[in-house]
Structure formats: C-alpha cells, structure tokens
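User: I'd like to go through this model and see what stands behind each label. Could you take my questions one at a time?

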Amino acid sequence: MPDTHQAADDRVICARNAFDVPEEVTYLNSASLAPRLKAVTAAGHAALERMAAPWSIRSADWFDDARKLAAAFAQLIAAPAECATLVPSVSYGIAVAARNIPVDAGQNIVLIDQEYPSNYYSWRRLADARAAAIRSVRARDDENLTEAIVAAIDRQTAVVAVAQCQWTTGRLIDLARVGEAARRHRAAFVVDASQSLGAYPLDVRECRPDFLVSVGYKWLLGPYGLGYLYVAERWHANGEPLEESWLHRAGSDNFAALVDYTPQYKPGAQRFGQGESAQFYLLPMAIAALSQIAAWTPQRINRQLRGWTDELAARAEACGFSAPPPDQRAGHMVGLSSARGLPSGLSSAFAERGVYVGLRGDSVRVAPHLHAGAADMDQFIAALKELAA
C-alpha cells in the first residue's frame, strides 16, 4: 500500500493565486521583502476596520492574538510555547541576547564574516565594552562554512552568533553541529533565522540555541515591524529585558489593578518581548501568514524552491556565474557570483526588464517564493544573459 502521507507531502504546491503578484512581474527577492499573501492583505484590511470602533476592543484583546501568534511561532520551530515572545526586529532580539549573556575580557564572539548588520552591531558594542574580540569566520568558495565556524570556536569563546544560511549566498550552516560545538566549549549559542525560517526546516530540539530571533516580513510572509524571539528556559527566571512593558508583568490583564505595581513578570520568555505587543493591526496579518506556512510546511516549500534555484544555478553557469555547491546551499535562495564582478546599475537594469532580484555583496541573490514558476525562471535567465554579455 502506498504511503499516502508521503504522497501528499510530495505534491507540487500551486500557489501563484495566493499572492498579490502581477503576472508581468518577475519577483525573485523574497529574501528582502516577502511577496504579499492575499490572505495577509485581507487580514490587514479587517484589522483596520475593526480598529475603527475602539469601543469594541475587550481587555482580553490586548493579549489573545499575541499569545496565539507566539504559540504559532513556537510550533513552527518545535519549541514550548512559553519559550516564545514577540519583538519588533532582529536587532531587538540580538540586543536582548547581548544584554543577558556574560562576556569577559579576553574572550571572543564568533560571527560569520560579512554577516547581516543586525547580528553584528550589538556584539561589536558588547566586545568593545568587555574588552573581548570579534572572531569573523570566512570560508573560501570550496570550503564548508559549517566546518569553518566549528573550527573557530575554542575555550575562550563566549558567544557563537550565526544564521542558518548566509544572507548573501544562501550557503547552509548546520546549526546542530555548531550548537554542539558551542556547548562543548560552554559558549552561548544565538541564531538569526531571518533568512531561512518558513522556507527551511528548523527544530530547536536539534540545535538547542540559547536565543533565536527572526523577522516576520521575509520567509515568514508577514508584515514589516513584527518579529519573533525564542529564549531557552534557562534564561527565563533571572533574565533582564530591554524595556519594562506593563503588558509583560504578572496580573496585567486586570486593568483596574495596574496601579498596584509588581516586581513579578509573566512566566516564560514574555518578559523579553516588546512594548505595545498587542499590535492590533499587525498581529492578525502575521497570524494569517504563519497559518499558511503551517499548511504548506517549510519542508515542502523548501523542496519546491530548491528545484527552481538548482535549475537557475545550472543555467546561470552558461552566463559566467557560479553558485555554492548544491550540498552547501539551503535551497530556497541562491547567490550567483561572477569572476568579472557585478556591473554597476545591475539592479536597476534587471528592474527595467520587470525582474526583481537582490544584489548582496558580490552576488546576485535569487530568492523566489511559491508565486514563481517556469516563466519567471526563463525571464530571469534571459535578463541575466543580456546583462552579462
């Protein structure tokens, strides 16, 4: 008898109509800003209409959607709901981690070379304040980035802060291996999952980070200004938040008693969340986005996107562009580089042809989502051939 679960999981997702992307637009820049789901747009319009009548908002409405969204994020990464909270940005989540992780003089903080700035500046400030060193890891094109990161961790390492894949090229990092190496040397492990979460599987039970943060507006298909933070249980009891929001204090759902100040926080990771976490406009949009990702699943999304990016990488070779080896790519996006470098004005030249990609570092970063199809791939390759000639 055939495995019907596997058969259903292998089916192609036909999702162009789920997105607000015009047929004439070849949008391959999901790693910068997600294409908008129609369901997310509808949720946003409904939220605007609802807030036109503020007298209809109940006390429970200040908390319910935030709890629902944090729980959906926790489920996505296989984490307990109490370990999840909401933040406005990656820089906020990284700053929370930097405030709480002890770093001493002479220790080092391991980062990826040319990492996204939000996962750099807080560590730079912390290293300068504590007389610690930043150790930037760079791997040559023929080297495995995971192995290079693991080799950089030693007994003087206080923090390892990495992504699941490199934001410029899509090179994959084995978080389980890096996390094990960090724990072996008693270093804290911090993950920025912004360029993978939603389009690549991630299970915190396998990689066991201390902190994990992600924006919501990239591969999680949600609105700008709302992100997610996972905090491992060992940091809950004595952790210090960045701000002291009334929403995160014990008993805050009793509005009449808010004048009775309390030193007690709500349980779990909630103390680390942002102020104004009710976010009446953004929360319904983000809930709609995570609901759709849960239905598609990151595994199926990645499998479909990998087929396209593998094909693009192979076809781009004829235009003089190369990509990281297939076994070192996350699959949902790919960075194409040329030995001749990238000509100035390339992004605008693509856009003039109705093709939208990202230029990051020395790579043309191609990041489709499920709105894309064969015609979009052909359009990109045609533009690449013309512009690389």
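**Pocket, sheets and confidence**

Analyst: Sure. This is a predicted model, and its largest pocket has a volume of about 470 Å³. Of the 21 residues lining that pocket, A139, D141, T169, R171 and D362 are the closest to its centre.

User: What makes D362 count as a residue that lines the largest pocket?

Analyst: A lining residue needs an atom within 4 Å of a pocket point. D362 is among the 21 residues that line the largest pocket, so it has an atom inside that cut-off.

User: Which strand gives the largest share of the lining, and how does the lining divide by residue type?

Analyst: Strand β10 (residues 334-338) gives the largest share, with three residues. By type, the lining has six nonpolar, 10 polar and five charged residues.

User: β10 is in a sheet of four strands, so what is the order there?

Analyst: The order is β9-β10-β13-β12, an open sheet with antiparallel pairing. β9 (321-322) and β12 (358-360) each have a single partner strand, so they stand at the edges with one side lacking a neighbour in the sheet.

User: How do you know that β12 and β13 pair?

Analyst: Two strands pair if there are at least two bridges between them. β12 and β13 (residues 363-366) have three, in the antiparallel sense, so they qualify. R360 has S363 in β13 as its bridge partner. As for packing, helix α10 (residues 298-316) lies across β9, β10 and β13, at about 5° to β10.

User: And why are β2 and β4 called edge strands in the other sheet?

Analyst: That open sheet has seven strands in the order β2-β8-β7-β6-β5-β3-β4, with mixed pairing. β2 (84-87) and β4 (133-137) are edges because each has a single partner strand, leaving one side without a neighbour in the sheet. On average, neighbouring strands here are turned by 20° against each other, direction ignored.

User: What makes β7 and β8 a pair?

Analyst: Five bridges join β7 (residues 211-215) to β8 (residues 227-231), running antiparallel; at least two are needed, so the pair passes. V213 stands opposite L229 in β8. Helix α4 (residues 90-100) packs on this sheet, touching β2, β6 (188-192), β7 and β8, and its direction makes about 165° with that of β7.

User: Where does pLDDT stay under 50?

Analyst: Over residues 1-8, where the model has one contact beyond four places in sequence. Where pLDDT is low, the predicted coordinates should not be read in detail. For the protein chain, the mean pLDDT is 94, and 97% of residues reach 70 or more.

Terms used: Residues are numbered from 1 along each chain as its sequence is written. This is a predicted model: local features need pLDDT of at least 70, side-chain atom pairs count only at pLDDT 80 or more; totals for chains, interfaces and linings use all residues. Side-chain values use heavy atoms; hydrogens and water are left out. On a 1 Å grid over the protein atoms alone, a cavity is a set of points where a 1.4 Å probe fits but cannot get out, and a pocket is an open set with protein on both sides within 12 Å along at least five of seven lines; lining residues have an atom within 4 Å of a point. Grid points are joined across faces, edges and corners, and a volume is the space filled by probe spheres set on the points. Helices (H or I, at least four residues) and strands (E, at least two) are DSSP runs, numbered from the N terminus. Ala, Val, Leu, Ile, Met, Phe, Trp, Tyr, Cys and Pro count as nonpolar, Asp, Glu, Lys and Arg as charged, and the others, Gly among them, as polar. Contact means heavy atoms within 4.5 Å. Axes are lines fitted to C-alpha atoms, for helices over the stretch in contact, and angles run from 0 to 180 degrees between N-to-C directions. pLDDT is the predictor's confidence in each residue, from 0 to 100.
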